[in-house]
Amino acid sequence: MSDVYNLFEDIIEVDIEQNIIEDCIKDYYSNTEFRTASMQKADPNVHIDYFTSLVSKVTSSDVSFCSGNYYKHTLPYMPHTDYKEQLNNSINFVIPLSIKGDASLIIFDQLWSGNSVTWDMNLPIPEHKTNKNTKGSPIDYDIKYTTGKPFQEDIHQKYLSFFKLEDLKGLSANIFNFVPSKGVIFDNRKIHCTSHERWEKLGLSLRFKYAED
Ligand SMILES: [Fe+2]
C-alpha cells in the first residue's frame, strides 16, 4: 500500500473518439477571449460527462469533475504537479486535440504529495501569475520514489535536453506522444512536463476527485 492518500498508481492511455476531439476543438475556437495570452486557456463546455465516465471506468471508482481548461501553447511546460489539497483533485486527464509537429507528454514516476508546484529547473523562465515558479529541480525537494540513479541519457537527449542532465537525477520517465485521439489519465501529484519541441499544441486538461472525498 502506498503512503500517499488515494494514490492512483497507474498511468493509462485511452482512445478518444474522433467526433469528441472535433467537438472539443470547435468548443475551444468558439471562445473569443482567452484567460492568458501566453497559454491561451479557455474553459471546456462539452462532453464533460463522457470524460468523467472514462475516468470512472479506468480508476474503477466513482469520480466527479473538479475543473479543467483548454490550453494552446508553443513553449514546453516545465516539470510541475497540479494537486490542490483543499479540492482533492488528484486525477488528471490530458486530451491532446491538435499539434503542428511532434511532441510528448513526460510523466515521471516520482511525485510531490503537497499542493501544486512548478520547478524552474535552474532556468531563467518567466513567472506565471497564479503558479509561482519554485527554484531548482524536483530532486532539491522531498519528492517520493526517487531512483537514486542518474537520469537516462538517451531520454534526456531525445525529449528533455533543455534541462541539465544532473537536474533530472533520481527521476524516471514515462513518455506519451502528444497524439489527438490518445488521452492520458494519471495522478496529478506525479511530476510531469512536455518535451522540448516548440510546436503549437492544443490540448484539454481535466481534473477529477474521488466521489467519496
Ligand atoms: Fe499538469
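Me: What makes the five strands of the open sheet count as paired?

Reply: In this predicted model, two strands pair if there are at least two bridges between them. Four bridges join β3 to β8, so this pair satisfies the requirement of at least two. The order in the sheet is β1-β8-β3-β10-β2, with antiparallel pairing. One of the bridge partnerships links Phe 93 to Ile 185 in β8.

Me: Why are β1 and β2 said to stand at the edges?

Reply: Each has a single partner strand, so one side of β1 (12-15) and one side of β2 have no neighbour in the sheet. From one strand to the next, the twist averages 20°.

Me: Which helices lie across strands of this sheet?

Reply: α1 lies across β2, β3 and β10, at about 85° to β3. α2 lies across β1, β2, β3, β8 and β10, at about 115° to β2.

Me: What makes a set of residues a nonpolar core, and which have the most contacts inside the largest one?

Reply: The members must be buried residues of nonpolar kinds such as Val, Ile and Phe, joined through C-beta atoms within 7 Å. The largest core has 44 residues, and Val 55, Ile 91, Phe 93, Ile 95 and Ile 106 have the most contacts inside it. Among the elements that each supply at least two of its residues are α1, α2, β2 and β3.

Me: How do you know that the chain is as compact as a globular protein of its length?

Reply: Its radius of gyration is 16 Å, and the globule rule gives 17 Å for 213 residues; the two values are close, so the description holds.

Technical notes: Residues numbered from 1 in each chain as written. Predicted model: local features only at pLDDT ≥ 70, side-chain atom pairs only at ≥ 80, totals over all residues. Buried ≥ 20, exposed ≤ 12 C-beta atoms within 10 Å, placed from the backbone. Rg over C-alpha atoms; globule rule 2.2 N^0.38 Å. Axes fitted to C-alpha atoms, helices over the stretch in contact; angles between N-to-C directions. Contact = placed C-beta atoms within 7 Å.
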